[in-house]
Amino acid sequence: MSTTTANELYPEVRSFLESGPLKGFVGGKELESTGGETFTTSDPGSGAQLAEVYSFQASDIDQAVDVADEAFKTAGWEQLPQNERSALLHRLADAVEKQKHIIAQLESLDAGKIEAQAQGDVQNFVDTIRYFADLAQNVQRRSILAVKNHEAWTMRQPWGACGFIFPWNFPFLLVGWGIAPALAAGNTVVIKPAEDTPLSTLYLARVAQEVGIPDGVINVVPGLGSVAGAALSANPKLQRMSFTGSPEVGRLIAESCGRNLVPVKLELGGKGAAVVFNDVDIPDTAEKLVNAITFHTGQVCCDATRWLIHKNIYDEFVGECIDRLKDVQVGYQLNDTSQMGPVVNAKQHQRVLSYLEKGQSEGAECLLEGGVAEVPGYEGYYVKPALMAGSLDNVAAREEIFGPVAYLAPFETEEQAIQMTNSTDYGLANSVWSSDLNRAARVAEVMCAGNSWINAHNVFAHGIPYAGIHKSGMGGGVLSIETLLDYWRSVSVVRPL
C-alpha cells in the first residue's frame with residue numbers, strides 16, 4: 001500500500017488518536033492510571049500533540065504483574081498444546097498484517113519514522129511472531145539423558161510472568177523481537193512501551209484480544225520510565241526481565257533485577273565500525289553505508305557510526321559519501337518524497353547537535369557540516385546528515401550519538417583496522433567490506449562484538465542470534481532458537497534404577 005500524505009490519516013488512525021486519553025491494557029481490560037495521571041505523546045515531525053495517554057504509577061504496575069502472574073497460573077495459556085498456542089500466535093500475526101497500514105501510520109506519526117520504513121517494521125513483527133510460533137512446535141522440550149543406573153531426562157517449562165521495557169526507536173518491531181519467543185514458550189508478558197512512542201503497542205493489545213489471546217497473557221502498561229519502568233523492573237513476581245535501551249538505564253535495570261534475583265536480558269547501545277578495504281566497489285559501498293547511517297535518522301543502536309577506510313581509497317570514498325548525503329531529502333515522515341525524517345524529540349535533537357559541537361571542539365574535522373535542517377511548514381526536530389573525521393579518541397568517536405552522524409578515520413593494515421575496530425567499550429555490531437572473502441571472514445571473526453556482517457550492515461535474518469557484549473548488553477540475544485530456549489526453564493527428572 002502506498003504511503004499517505006500528512007493530511008490523509010486513515011480513519012482508524014484518526015479514530016484511535018481521538019479516543020483518548022488512551023488507556024493501558026491489563027487482564028483484557030482498558031484501564032486508567034490510579035490517580036488519573038496522564039502524559040502526552042507528540043509528532044516529532046510537526047511538534048503537534050498526537051494523543052494523551054494514561055501514565056501508570058507503581059501500584060498500577062504491581063497490579064499488572066499480579067494479573068500476568070495469575071493468568072500464567074489460570075488462563076490456560078501455558079497448558080495449551082503447543083500447536084494450539086502457535087495457531088493463536090499465527091492468528092495474531094495475520095490480524096496485524098491485515099492492519100499493517102494502520103499500525104505503520106501510528107508508528108510513523110509517533111516515532112518520526114518514514115512511513116514505508118514503519119511498514120517494514122510491522123512486517124518484521126509479523127514475521128517474528130510466525131517464526132517463533134513455528135519454531136516452538138519443532139523443539140523437543142523433553143530430552144532423555146544417558147546416565148548409568150538412572151532413568152533421567154530434562155523438561156523445559158515456561159517461567160511465568162515476564163517483563164519488557166522497550167525503547168522509542170523501533171517500538172513495534174522490538175515488541176515482536178521481545179514477546180514472540182516468550183509467548184511461544186507459554187509465558188505471559190507485561191510490556192512497558194517508551195513514553196515517547198506508546199501508540200502502536202497500545203493498539204496491538206486490542207488486536208490481541210480480538211483474535212482470542214486469553215486475558216492477562218498480553219498486558220501493556222504505559223507510563224514514564226522513571227516511574228512505571230522502575231516499578232516493573234523492581235517487581236519480585238517477575239520471572240524474567242528484558243530491557244532494550246541505553247547502557248546507563250540498563251545498569252539501573254540490572255541492579256533492580258539483581259536485588260530480586262530475576263534473570264535479565266539487556267540489549268543496549270553501540271558504536272559499530274564499518275571497515276572498508278581498498279578492493280571494494282567504492283560507489284556501491286558508499287551508497288550502502290550512507291543508507292545505513294540515514295536509516296531512521298541514524299537512531300539505530302547497531303549502526304555503523306565509525307567508518308574505518310583504507311588510506312588508498314579514503315579521499316575518493318569520502319567524496320562519494322558526501323555527494324550522496326547532500327542529496328538525502330530530509331522531510332516530514334508521511335510525505336512520499338522524504339528519505340529521512342526527524343529525530344524523536346527535542347532532547348535527542350539537542351543531543352545530536354551537541355555532539356557535533358563537542359567533536360569539533362576536541363579537534364575533529366567536519367567533512368560534512370550537518371546541523372539543523374529546515375523543513376518548510378513543519379516545526380519538527382530535523383537534522384542534516386554529518387560526517388566527522390580525526391582521532392578515535394575524540395568524544396564523537398567514543399560515545400553513542402544516535403543520529404545521522406558518522407566518524408571517519410583511515411587505516412593502513414588489516415591489523416591496524418582490527419585494533420581500531422576493537423578500541424571501544426561497546427560491542428554490538430560491526431561490518432567488514434572487501435571483495436576478498438577470506439580476509440573479510442578473518443577480520444569479522446576477531447571483531448569484539450556480538451555480530452559481524454560482511455559487505456552489508458544491519459542484517460537481521462530470523463534464525464541468526466543477535467546480541468551484544470561489554471557495554472552493549474548481556475543475558476542472551478534475540479531472533480534465534482537460543483532466544484526461545486531463554487524463555488523455558490529446565491527441570492531435571494531422575495529415577496535411580
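This report describes one helix, one cis peptide bond and two residues with positive phi in a predicted model.

## Basis of the model

The model is predicted: local features need pLDDT of at least 70, side-chain atom pairs count only at pLDDT 80 or more, and totals for chains, interfaces and linings use all residues. Residues are numbered from 1 along each chain as its sequence is written, and side-chain values use heavy atoms, with hydrogens and water left out.

## Helix α11

Helices (H or I, at least four residues) and strands (E, at least two) are DSSP runs, numbered from the N terminus. Helix α11 covers residues 314-326, and its 13 residues should span 18 Å at 1.5 Å a residue; the expected span is 1.5 Å times one less than the number of residues. The end C-alpha atoms of α11 are 18 Å apart, which agrees.

Tyr314, Phe317, Val318, Glu320, Cys321, Ile322 and Leu325 are the buried residues of α11. Buried means under 20% relative accessible area, exposed over 50%, and partly exposed in between (1.4 Å probe, protein chains only). The cover over these residues includes the helix α10 (282-294) and the strands β12 (272-276), β13 (304-310), β14 (365-368), β17 (386-389) and β18 (405-411), where contact means heavy atoms within 4.5 Å.

## Backbone features in loops

Gly20 and Pro21 are joined by a cis peptide bond, with omega about 0°. Pro21 belongs to the loop between α1 (11-17) and β1 (24-26).

Phe402, a residue other than glycine, has a positive phi near 65°. Phe402 is placed in the loop between α13 (395-398) and β18, and is buried, with a relative accessible area of 16%.

Asn458, also a residue other than glycine, has a positive phi near 60°. The loop that holds Asn458 runs between β20 (451-454) and β21 (473-474).
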